[in-house]
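Here are my notes on the model, set out as numbered points. Please read them alongside the coordinates.

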Amino acid sequence: MQRTFASYTERTAFERPLTSGVAYAVRVLHYEREQFEKQQGWIIKRMDTLEQNPVHKNDYAVEELEPSPLQEEYAPVIFAQDTISHVISVDMLSGKEDRDNVLRARESGKGVLTAPFRLLKSNRLGVILTFAVYKRYLPSNATPNERLQATNGYLGGVFDVESLVEKLLEQLASKESVIVNVYDTTNHTHPIAMYGSNISGDVFNHVSTLNFGDPFRKHEMHCRFKQKPPLPWAAIYTSSGILVIALLVGHIFYATVNRIAKVEDDYHEMMELKKRAEAADVAKSQFLATVSHEIRTPMNGVLGMMHMLMDTDLDVTQQEYVRTAQESGKALVSLINEVLDQAKIEFGKLELEAVLFDIRSILDDVLSLFSDKSQGKGVELAAYVSDQVPKLLIGDPGRFRQIITNLMGNSIKFTDKGHIFVTIHLVEEIVHSIEVDNESNPENTLSGFPVVKSCLSWKGFKAFSQEGPLGSFSSTSSDLINLIVSVEDTGDGIPRESQPLIFTPFMQVGSSISRKHGGTGIGLSISKCLVGLMNGEIGFASEPKTGSTFTFTAVFANGLLSSNECKIPQINDQSKPASSEFEGMNALVIDPRPIRAKVSQYHIQRLGIHVEKVSDLNQGLSTINKGNAVINMVLIEQEVWYRDSSMSSHFFDSTRKVNHGFPPKLFILVNSSNSSKTSSVMSDVDNPTIITKPLRASMLAASLQREMNVRNKRTLNRDLQNLSLSHLLVGRKILIVDDNGVNRAVAAGALKKYGADVVCVSSGKDAISSLKPPHQFDACFMDIQMPEMDGFEATGRIREMEQNVNREASINWHVPILAMTADVIQATHEKCLRCGMDGYVSKPFEAEQLYREVSRFFLSS
Amino acid sequence: MYSVAQLVEYTSSLFQQGFLDDQFNQLQLLQDESNPNFVVEVVTLFFEDAEKLLNQLEKEIGQENNIDFKRVDALVHQLKGSSSSIGAQRVQRVCIAFKNYCEEKNVEGCFKSLQDIKQEYTLVKTKFETLFKMEQQIFAAGGSAPR
């Protein structure tokens, strides 16, 4: 029977995966005990001693168990699964737990669980589920007594809690090693641990209830991870990575927005600054314009009035006073101009003109400016322009003159002896002759006084260092002329310590200088700026006690190319003064100093006269008598003539007796008209004439023609000090065009005062019909702003008319037309010239300007 | 009866107050024996011219919202020219301001300028008339006005 039970239970063990074994205990009453024991072959044993003294499972032996004591009834196990076969014959009622279990199962008819306890033999923790088996079917409401009576036996399943839990949790706790504790919590205060090791109580547990089917008992399962869950590195990394990225992106956005805001702010600031800069620029221009006009107007008034005053009847004292006032006024005007120039330069408002001009006559003007002073000091003044410099150049003559005037003015201030020599060459000439000049005799200067070597003054010029002395400096483009101008003097020189500062504005050599000589000290700095504007360089070399040489370069355009179709007015149309009169004549210059002789030769050649140079009187005589060509005039340097009076008179007599032609006219070239030597001049009828230096083409021509009886159209003294407008305008027929009656009256009145014959018309149309060739007008003053046809258009039509007539009749009608304008602006000036006008004057008339403009046309008829 | 000193004082006060400028001096210089009434003639011409111009200006400005600024500018330019030719400085200055307003097409400014011009013109006309009267009296009395 047992075997059957055993094999059956074994085969069906898979149905009961959680039980480690089942067994059946039969109810035996006491009186049945002996019989039962005989039947079975064994004694009913007790298990409670074992409970009190548990032994190791290997030591467990059923036979060792004590027989059970006498009881009312017994519940020995008769059938058991092999796994728990060791409980066979053990009285289930002997164990405390089992006893409770059995009794309860019997009473309730349901499955009952024990509290966990140590199993027999294995001593493992386990619970037993006991079912009562009844002889017959019992209804569910059967009384416990009925149940008791009907009990046959008890079926028990052993749950080895450990293996149970392990089997259950095998899949659960696969990887993380879940630690499980199972408790029997039927008694709340004393939970019985069924499975699991002791653990600390404050660790997080997941608690869930277990239901084995016994309502009487409560079981709980506490689960926790054996190890603390590892830090979720992936999550940490990811989230921190995202955080970082988010921070970065946020930062980028923030930075971008900031940057945009900042750039916008900067932009607004820039716009603001730009507006302010533009406003400042406008303010500067306005300031310059206002100051120019407001200061100059009264000054011009004063000067104009004084000119007028000079024209009236004044006694000598009054004339003196007026002249002094004039000088002061002029000094003030030039001072104002200097300061304004400085301001203009600082504001960057200085602009150069581009007009045709003759550089030789500019130099003549400058010389005449200083001739009085130089003669007074006994300093010889000379100018020389190389033949290679073209006759006409395009540039700003006024500013060029300003530079030379400034340099010469400085020289005059500081030179009391010797000479001041201005030379103008092409840069190419100097470059090519650098080596040749080097061994020049220090005595071989204009006046014999030593000078600073001029090559030192252009030592640092970039223009020279880039190109080699030979070769590549050929000006293939004949459009641009590169001039080099030197002002050499034999004055006091510049002290070494002042030399570096010399171009700095307001620097003067010693404060006493300004008191002694006047001036503001801006001149050189302005000159430097002007030279820069002309694309040149300026430099100097100076030795105290010896002298100074200032040199500058400037770039101009060649005026000869465009002089044919010139729409640009020519200033100072004195290019060939009286050339036709002297053309073909021959002259002889007697001067021991080659440089000075060259200067004299240059000036005389400008008149078209052929010149030969000799160095003393004897050579001169032999040249005259050689007779290849007739010498018409002899110019003898002062020192030659007065050195030896017997020699001189011999020369004089010899020349009277010349064989052929007329005896040459003799001229003595003297430095200063106050020279005492002139008083010892011979008082013959045929006195040699004195010509005072510095030589200038115009005055030379005047002197020569006076002596040579050559008819010279030009008797005009070009000295601008003498504003004789009346000389210019007397008898001239002038047309005035203005739509405004008052303006016409005033303009006509002004011109009539100078003796002109004035006709007025009031519109451009009338002007055109009046000026249709042929007509008698010598000039026309045309208002610009007129209704219907403005001055520009009228002038254009007049020029067209003239061109047509000129073409057909091959003559050259060109009536000078001057614009009258109240607003003298740069643009208007250019527009005037573009339309064929010859210049402009402001309205109302300003005496000096009027003279300047009108003199350009009325010198040549 | 005016004395020469009074005339001189009156004339310089006109200069000081800015009614006249240097151009008027120039005008006086142009007057001589061959042209004895030059100044009076020119100034009278100015009066006629100015009055015509002022009338036309009134008409143009009176259009209020339909002002032809170009035409006004041309008229003011004329007045500016003639006033500057005789040296009527204050009139000239107002003309300059008037021209600016025209460029800006500023109606308010134009109204104001017109009033200013009329006022200045009236003033300077009165001054001239007084001046000429004084000169005439002195001349009639046998004196001669210093130039």
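1. In this predicted model, 5 residue pairs, both members at pLDDT 80 or more, are in polar contact across the interface of chain A and chain B. On the chain A side, α7 (233-311) and α24 (741-753) each supply at least two of the residues that touch chain B. The largest share comes from α24(A), with 8 residues. Sorted by class, the side of chain A that touches chain B has 8 nonpolar, 6 polar and 4 charged residues.

2. How many salt bridges does the rule find across the interface of chain A and chain B? The count there is 0. The contact itself takes 18 residues from chain A and 19 residues from chain B. About 1600 Å² is buried between the two chains, and carbon and sulfur atoms give 59% of that area.

3. Over all chains, the same rule gives a count of 24 salt bridges. One pair that meets the rule is A:D364 with A:R606, whose side chains meet at 2.9 Å, N to O. A:D364 belongs to helix α9 (residues 359-377) of chain A, while A:R606 sits in the loop between α18 (594-605) and β21 (610-614) of chain A, so this salt bridge ties together parts that are 242 residues apart in sequence.

4. Chain A has an open sheet of 5 strands with parallel pairing, in the order β26-β25-β27-β28-β29. Its edges are β26 (757-761) and β29 (839-842) of chain A; each has a single partner strand, so one side of each is left without a neighbour in the sheet. Ignoring direction, neighbouring strands are turned by 25° against each other on average. Strand β25 (residues 733-737) of chain A runs parallel to β26(A) and is joined to it by 5 bridges. Within this pairing, A:V737 has A:V761 of β26(A) as its bridge partner.

5. Which helices pack on this parallel sheet? Helix α24(A) lies across β25, β26, β27 (779-783) and β28 (817-821) of chain A, and runs at about 165° to β26(A). Helix α28 (residues 847-858) of chain A touches β27, β28 and β29 of chain A, and its direction makes about 155° with that of β29(A). Note that α24(A) also gives the largest share of the side of chain A that touches chain B, and that this helix therefore contacts both chain B and the sheet within the contact cut-off of 4.5 Å.

6. A further open sheet in chain A has 4 strands in the order β10-β9-β12-β11, with antiparallel pairing. The edge strands β10 (192-195) and β11 (206-210) of chain A each pair on one side only. From one strand to the next, the twist averages 30°. Strand β9 (residues 178-184) of chain A pairs with β10(A) in the antiparallel sense over 3 bridges. In β10(A), A:I192 is the bridge partner of A:D184.

7. In chain B, helix α2 (residues 22-30) packs with helix α4 (residues 69-86) at an angle of about 65°, and the axes are 6 Å apart. From α2(B) the contact takes B:Q23, B:F24 and B:L27, and from α4(B) it takes B:S84, B:S85 and B:I86. By class, this contact has 3 nonpolar, 3 polar and no charged residues.

Terms used:
Residues are numbered from 1 along each chain as its sequence is written. Chains are lettered from A and ligands numbered from 1 in the order in which they are written. This is a predicted model: local features need pLDDT of at least 70, side-chain atom pairs count only at pLDDT 80 or more; totals for chains, interfaces and linings use all residues. Side-chain values use heavy atoms; hydrogens and water are left out. Buried area is the accessible area (1.4 Å probe) that two parts lose on being put together, summed over both. A salt bridge is a side-chain nitrogen of Lys or Arg within 4 Å of a carboxyl oxygen of Asp or Glu. A polar contact is a pair of N or O atoms within 3.5 Å; within protein, one must be able to donate a hydrogen and the other to accept it, and residues adjacent in sequence count only if both atoms are side-chain atoms. Ala, Val, Leu, Ile, Met, Phe, Trp, Tyr, Cys and Pro count as nonpolar, Asp, Glu, Lys and Arg as charged, and the others, Gly among them, as polar. Two strands pair if DSSP finds at least two bridges between them. Axes are lines fitted to C-alpha atoms, for helices over the stretch in contact, and angles run from 0 to 180 degrees between N-to-C directions.
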